[in-house]
Structures are given as structure tokens and as C-alpha cells.
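Here are my notes for you on this model. Have it open while you read, and click on each residue as it comes up.

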Amino acid sequence: MFLINVSAERVSSLGKDWHRPCLKCEKCNKTLSAGSHAEHEGKPYCNNPCYAALFGPKGFGRGGTESHTFK
């Protein structure tokens, strides 16, 4: 019989405890590390590209200097 150390497999993030493999990006399903991801409405997302693409600035250049229009 094998015993599994459950506490070693637990990570805390977004105010909840997760099994390490269950903390995944809502969009791309990539496994995330606690504290190194973004959150939107209580759900985890990888910082780049998912969170940036879904909730970041929109438009040409995504907010960089090339996104300004001069008249």
C-alpha cells in the first residue's frame, strides 16, 4: 500500500486550495504555478498570451506607441 502526501500536492491561489495539476488556465488549459498567473472573475489565466489577449487593451499595437492616431 502506498501513502500519498496530499499537502505536498496542494497549492494555494485565488483564495482557494488547489491540487497542483488542477490549477490551470481557463483558456489554454496550461498548468499554472501559484502566484505567477492572472485572475479574472475568480478564474486563473496564464499572463501571456491568454489574459492579455482576452482582457488586455484592444486595437492595433495593443496600447503601444504605434496604436496612437495623429490627425
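1. Start with Tyr 45, which is buried, at 9% relative accessible area. Here buried means under 20% relative accessible area, exposed over 50%, and partly exposed in between (1.4 Å probe, protein chains only). Keep in mind that this is a predicted model, where local features need pLDDT of at least 70 and side-chain atom pairs count only at pLDDT 80 or more, while totals for chains, interfaces and linings use all residues. Residues are numbered from 1 along each chain as its sequence is written, and side-chain values use heavy atoms, with hydrogens and water left out.

2. What does Tyr 45 touch, not counting residues up to four places away in sequence? Among its contacts (heavy atoms within 4.5 Å) are Cys 25, Leu 32, His 37, Tyr 51 and Phe 55.

3. Now for the rings. Those of Phe, Tyr and Trp (its six-membered ring) pair if their centres lie within 6.5 Å; planes under 30 degrees apart are stacked, over 60 edge-to-face, and the rest tilted. That rule gives 2 aromatic pairs. Tyr 45 and Phe 55 are edge-to-face, because their planes sit at 75°, with the ring centres 5.3 Å apart. Tyr 45 is in strand E4 (residues 43–45) and Phe 55 in helix H1 (residues 47–55), so this pair ties together parts 10 residues apart in sequence. Helices (H or I, at least four residues) and strands (E, at least two) are DSSP runs, numbered from the N terminus.

4. Phe 55 is partly exposed, at 31% relative accessibility. Phe 55 also pairs with Tyr 51, this time tilted: 50° between the planes and 5.3 Å centre to centre. Both of these residues belong to helix H1, 4 residues apart, or about one turn of the helix. Tyr 51 is partly exposed too, at 27%. Put together, Tyr 45, Tyr 51 and Phe 55 make one aromatic cluster.

5. Tyr 45 has another role to look at: the largest nonpolar core has 8 residues, including Tyr 45, Val 11, Trp 18 and Cys 50. Such a core is a set of buried Ala, Val, Leu, Ile, Met, Phe, Trp, Tyr and Cys residues joined through side-chain atoms within 4.5 Å. In soluble globular proteins, nonpolar side chains tend to be buried together.

6. Last, a word on confidence. The mean pLDDT (the predictor's confidence in each residue, from 0 to 100) is 79 for the protein, with 70% of residues reaching 70 or more. Among the elements, E4 has the highest mean, 94, and strand E1 (residues 10–13) the lowest, 88.
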